[in-house]
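Work through the exercises below with the structure open. Try each task before reading its solution.

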Amino acid sequence: MDYIILSVTLLAIGIYGLLTKRQLVKVLISIELIAMAASMNFVLLASSLDRALGETFLILAFSTDTCVTAIVLGLLVIVSKKYGTCDIRKLAEIEQTEKGVYEENKS
Amino acid sequence: MIVELIAVGLVVSACLAVYLDEAVYSVASLACVFVLMAILYALSDATFVAVFQLAVGAGTLAVLFLAGEMLSEKPSREKSFRNMFLVAVVALLLLLPSVFLSVAVTPANVSSSVSFGQAIWDLRAIDVVLQGLVIMTVAIGIAIVLFERKEGKS
C-alpha cells in the first residue's frame, strides 16, 4: 500500500470537486479533502520514518485548516444572507448585473 | 489487509463527498473520510494525531452539517443508485495505483531521536503559541462579523 499515491488520489478528487462544483459548501468540502490529502503525507511519512516532527507539523496544519474553514463559512453565511444563493455562477451573474447598473449610473 | 480496506473506504467516501448533490449526505461522506483517516493514523502509530483529527473533525463536521442544511439549495433531481454505483467503481479504479504501485522514499539524513513531546514543545513551541493566537483571532473576528450583521439587521 503506497500512501503517497493514495494522497495524490485524494488530492485529485479534491481538485476535481473544486473545479466542477458550483455550490460553495461543496467547494469548501473539496478544499477540506485537498488539505487532508496534503496532511496525510506528513503523518504517514513521518511515522514510517519514525520522526515525530512530521506529526507536530500536522497539528499546526490542522489548526490553520480549521481557521480557513471557519473564515470561509463566515463569508459564506454573509454571501448567502446578502444575495440569497451560494451558487458560484448565480453570484457571478449578480456581480455582472450590479457592475452594469453601476456603469449606467456613472455615465 | 485492514489498511487496504480503509483505503477503499477512504477513496469511495471522498468520491461520494464530491459527487452527491445533497449537502447533508455529502458532509456525512466527509465524516466517513475523517473517521477512516483517523483510524489510518492510529494504525500507523500516530495516536496523538488520530485523536486530534477526530477532535477537529467533530467540530468542523458539526459546523458543516449546520451550514450545509442552512445554506445549500435543494438539488433539482435525485441521484440514482446506478450513478452512485458507478462512482464507487470509479473510486475503486482510482485506488488501484496506490495498492499496486509504489514510490520509493529515500529517508533524509536527519536524527530521529526526537519524541513527539520534545518536537512540539522544544522545537515548535513558538508555532504552537502563535497558532493558539491565530485561532483566537479568527474566532473573535468571525463572532464580530456575525454580531455586526445581526445588529445592522435589527
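The model is predicted.

**Exercise 1. Contacts along chain A**

Task: Take the contacts in chain A between residues at least 6 apart in sequence, and state what percentage join residues at least 24 apart.

Solution. Start with the pool: contacts in chain A between residues at least 6 apart in sequence. Of these, 52% join residues at least 24 apart. Now look at the elements that chain A offers. Chain A has four helices and zero strands. From the N terminus on, the order is α-α-α-α.

**Exercise 2. The spread of chain A**

Task: Decide how chain A compares with a compact globule, using its radius of gyration.

Solution. Step one: recall the build, four helices and zero strands. Step two: take the radius of gyration, 19 Å. Step three: set this against the globule rule, which gives 13 Å for 107 residues. The value for chain A is well over that, so the chain is more spread out than a compact globule. Step four: add the box. Along the principal axes, the C-alpha atoms of chain A fill roughly 65 × 25 × 25 Å.

**Exercise 3. Surface and charge of chain A**

Task: Describe the burial, the accessible surface and the charge placement of chain A.

Solution. Burial comes first. Of the 107 residues of chain A, 47% count as buried. Next, the surface. The accessible area is about 5200 Å², and carbon and sulfur atoms hold 63% of that. Last, the charges. Chain A has 10 positive and 11 negative charges. Their mean positions lie 7 Å apart.

**Exercise 4. A salt bridge**

Task: Count the salt bridges over all chains, then find which parts of chain A are tied together by Arg22(A) and its partner.

Solution. The count over all chains is one salt bridge. Arg22(A) pairs with Asp87(A). Their closest N and O atoms are 3.9 Å apart, inside the 4 Å cut-off. Now place the two residues. Arg22(A) sits in the loop between α1 (3–20) and α2 (24–48) of chain A, while Asp87(A) sits in the loop between α3 (53–83) and α4 (88–106), so the pair ties together parts 65 residues apart in sequence. Then check exposure. Arg22(A) is partly exposed, at 40% relative accessible area. Asp87(A) is buried, at 5%.

**Exercise 5. Chain B as a whole**

Task: Give the secondary structure, burial, surface and contact range of chain B.

Solution. Begin with the elements. Chain B has six helices and zero strands. Along the sequence the pattern reads α-α-α-α-α-α. Buried residues make up 33% of its 154 residues. The accessible surface of chain B is about 9500 Å², with 71% belonging to carbon and sulfur atoms. Among contacts between residues at least 6 apart in sequence, 65% join residues at least 24 apart.

**Exercise 6. Two residues in chain B**

Task: Place Ser29(B) and Ala88(B) in their helices, and say whether each is buried or partly exposed.

Solution. Take Ser29(B) first. Ser29(B) lies in helix α2 (residues 23–43) of chain B. At 9% relative accessibility, Ser29(B) is buried. Leaving out residues up to four places away in sequence, Ser29(B) touches Ser13(B), Leu16(B), Ala17(B) and Leu20(B).

Turn to Ala88(B). Ala88(B) belongs to helix α4 (residues 81–100) of chain B. Its relative accessible area is 23%, which places Ala88(B) among the partly exposed residues. Finally, compare sequence and space. Ala88(B) and Val11(B) are 77 residues apart in sequence. Their C-alpha atoms are 8.7 Å apart.

How values were computed. Residues numbered from 1 in each chain as written. Chains lettered and ligands numbered in written order. Predicted model: local features only at pLDDT ≥ 70, side-chain atom pairs only at ≥ 80, totals over all residues. Heavy atoms only, no water. Helix = DSSP H or I, 4+ residues; strand = E, 2+ residues; numbered from the N terminus. Rg over C-alpha atoms; globule rule 2.2 N^0.38 Å. Buried < 20%, exposed > 50% of the residue type's maximum accessible area, 1.4 Å probe, protein only. Contact = heavy atoms within 4.5 Å. Areas by Shrake-Rupley, 256 points an atom, 1.4 Å probe, with all protein chains shown as cover. Lys, Arg positive; Asp, Glu negative; His and termini not counted. Charge placed at Lys NZ, Arg CZ, Asp CG, Glu CD. Salt bridge = Lys/Arg side-chain N within 4 Å of Asp/Glu carboxyl O.
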